[in-house]
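User: I'd like a close look at one part of this model, with enough of the surroundings to place it. Keep it informal, please.

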Amino acid sequence: MARRAQPLSPAAGYGAAALVAALILGTLAAVAFSAEAGRGLSSADWAAVRFTLIQASLSALFSVALAVPVARALARRRFRGRSVLIALLGAPFILPVIVAILGLLAVFGRAGWVSDALALFGLEPLSIYGLHGVVLAHVFFNLPLATRLILQGWQEIPAERFRLAAQLDAGPRAMWQLLEAPMLARVVPGALAVVFAICLSSFAVALTLGGGPRATTIELAIFQAFSFDFDLGRAALLSGLQLVLTALAATLALRAPVGEGFGTGLDRILRRWDGQSTLARSLDTFWIVFSGMFLLLPLLAVVLSGLPGVLSLPASVWQAALASILVAGASTLILLALALPMALAAALGRPLPMEIAGLLGLAASPLVIGTGLFILIYPIASPFALALPVTALVNAVMALPFALRILVPACRDVVARHCKLALTLDMRGWPFLRRVVLPRLRAQIGFAAGLAAALSMGDLGVIALFADPEVATLPLQVYRLMGAYQMQAAAGAALLLLVLSMGAFWILDRGGRWHAEA
Amino acid sequence: MKYSVFAAGLLGASAAFAETPELTVYTYDSFVSDWGPGPAVEKAFEEVCGCDLKLVGAGDGAALLARIKLEGARSDADVVLGLDTNLTAAARDSGLFAPHSVSADYDLPIAWGDDTFVPYDWGYFAFVHNADADVPGDFKALAASDTKIVIQDPRSSTPGLGLLMWVKAAYGDEAPAIWEGLSDNIVTVTKGWSEAYGMFLEGEADMVLSYTTSPAYHLIAEEDTSKAAASFAEGHYMQVEVAGKLAASDQPDLADQFLQFMVSDAFQSIIPTTNWMYPAVTPAGGLPKGFETLITPEKSLLLPADEAAAVRDAALDEWRGALSR
């Protein structure tokens, strides 16, 4: 459909994609070119590649397999606190790794709540160290994201379809075949690719819960190449490998059948007539309670351990909080400026380059981007002075794949439904964008912006490389507090971070819930 | 700072030209935190130097060295503070450091004769445990027991590398066998000290790799006597933390003044209760009350810098091999 007349030009999207690719590949090249002759990849590096692939595949499979019934339950049920629950379910995804790990350990650890309960029955404590621990933690992080992505798919089925299906007296099986299965076939491959890509660059989670050197990931090998061996060539090589693996996974996932969508609806409020049987109700209840417990108990642990410290937080923590809020705001704006044109270009023209450009942001090692930017910026300006802007930019690029996954299907539908009419009316460019596209994307824009803001708030990636003491962000401050034995203050700061991330997400995501609510 | 005009423009801030000379010291993160030595050191040095001391945190010791290598001769840094003897050989080989002229009467368990790096504090690695627990007295007993430990990864943290050297220094070629014996005691390996210590405090393990001085923090700052360090019969590996002057510094005199200040009473008396290490030169007032309760190893282990650098890669392979089985 590339040659057809379009109400919008995809040029801006191609420009944004090129910019993102230039940032990621340019920084990689900068690192590679500053390298002295390295020693290439060792057998240990290849073992790291193998482990990384195994854990990322398992994590993606489990996260998405669990997310489907959870999203279905949330899509079918309306109950008090549903919107709050959906917002809260997003929290694990945006927690700084160390905070999330301590939260998980408080529940599933050797001295955790579950082990304590087991001890009452004379059973051995749980061990969450090893591959299963890594996968458990990755499901904890990514189940919420996968659930939201799939839930979004459910919400994009027009209400009229469900009404029609109900009028035709379609049973659960028919409902599944006609509406739900085709939707899942569209949404699931993308969700798998995103979770896989996230887990590919896992480092601290895999290391801490992996139990030992067996659980070495590519990202740790990159870290080792940087700070243990100072072998930039090997770091660049490993980072390139990580990018190729992500691009391969993305290409595979995105080549899955793309359905026709569900046609135009009248943006009517969704009402469901299906799934009223006792079995369906109890199944849905089980999944909602299960996901709620699994995701919220560790958060509760974070809150409980943080409360005593939160009232006596030092001034430096509040300064760091302010820096984090500024970074998150800037990052969200940059993200929307990149993601909207890219999503529209994907809807208007060829989606694959956009998707891949976006996913590269996930697979790129923050360490390599940071170091590359450092090498590039250093001759021109002090990296310290640019710590916050650079962090905002890199965070935006990291959030891009999520934003694209959220925005592209909706853009595609808007273009498919309204393009012809708009052209008939000779409505192009800005008026089309303002009157047709943006109002219809409100929910997705809100969700993407909320996710970007929250992710940026909790991110520790690049800032650690650039920060000077005056401009620490909140996650960095949490680490600094822990490094100085200030465990209670660190727990308090972590709670503050949780509240800020959730707050940012909640405020920006209101649009999404406005659209979805009955 | 060379780029302050550009920086001021970018930030829209009013960063004025520095009228007083500025000395930039790169160090690790916990040094500059509110509870670290940073704030007090900055105040004390600025009182005597007529300069502006800028302490910049850059990760941990290994990251610090990587940063300096990345910046090369154009670095803004004048002094790097926070390397240890496992890193000094690589640091010296980079050719970025200049010899110092500091003389001091060190209170180290070993003789110090390095012409490039000046030690400012030191400590012994040790496994910290709850004081009421019954713990093994050496690595072999630890391996035979079912005591659970959390350690740090040598590839991403200096204590982790320290433990690698400890086992190597104590057991030499026997080290792989020791690691194999320890493998079922290791609950997990973490990226850095913070994660490991946090997990220990949460009750995930019986012991955590830290320092003999860690209990002093709990005792002095929290009046908590519940933590102790296990004394190991093999002796304890030392970490000696050092600072060095960069050859390309634009403030070489100030840098020298800082290094000399670093071994003076004013600096050394700040160290014990902020960095929770032993001062390199015991201050006139002695060590703070509470330090006398700490264990004193019978034997101090430390591989000389060159030897540490030489065995590092092989020791890492042995470690990885023994624990990957």
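Which residue with a positive phi follows α20(A)? Take that helix as the part to zoom in on, then work outward from there.

Analyst: That would be Y485(A), which follows α20(A) and has a phi near 65°. Bear in mind that this is a predicted model, so every number here is computed from predicted coordinates.

Now the helix itself. α20 of chain A runs over residues 474–483 and is mostly covered, with 9 of its 10 residues buried. Going along α20(A), the buried ones are L474(A), P475(A), L476(A), Q477(A), V478(A), Y479(A), R480(A), L481(A) and M482(A). Notice that Q477(A) and R480(A) are on that buried list too. For reading such a run, remember that an α-helix has 3.6 residues a turn, so residues three or four places apart point the same way.

Stepping back to the chain around the helix: chain A has 21 helices and 0 strands. Buried residues make up 61% of its 518 residues. If you take the contacts in chain A between residues at least 6 apart in sequence, 85% of them join residues at least 24 apart. On the outside, chain A exposes about 19,800 Å², and 68% of that comes from carbon and sulfur atoms.

Two cysteines of chain A are worth a glance. C199(A) has 0% relative accessibility, so it counts as buried. C411(A) is buried as well, at a relative accessible area of 1%.

As for the nonpolar packing, the largest core holds 283 residues, and the members touching the most others are F127(B), F139(B), W179(B) and F258(B). Chain A has a hand in this core: its helix α17 (residues 387–424) gives the largest share, 19 residues. To see one of those chain B hubs up close, pick F139(B). Leaving out residues up to four places away in sequence, F139(B) touches F127(B), L163(B), W166(B), V167(B), Y171(B), I178(B), L182(B), F232(B) and E234(B).

Last stop, the sulfur chemistry. A search of the whole structure turns up 1 disulfide over all chains. C49(B) and C51(B) form a disulfide, with their sulfur atoms 2.1 Å apart. The torsion about their S-S bond is about -90°, so the disulfide is left-handed. Both partners, C49(B) and C51(B), are buried.

Note on methods: Residues numbered from 1 in each chain as written. Chains lettered and ligands numbered in written order. Predicted model: local features only at pLDDT ≥ 70, side-chain atom pairs only at ≥ 80, totals over all residues. Heavy atoms only, no water. Helix = DSSP H or I, 4+ residues; strand = E, 2+ residues; numbered from the N terminus. Buried < 20%, exposed > 50% of the residue type's maximum accessible area, 1.4 Å probe, protein only. Contact = heavy atoms within 4.5 Å. Areas by Shrake-Rupley, 256 points an atom, 1.4 Å probe, with all protein chains shown as cover. Disulfide = S-S within 2.5 Å. Core = buried A, V, L, I, M, F, W, Y, C linked by side-chain atoms within 4.5 Å.
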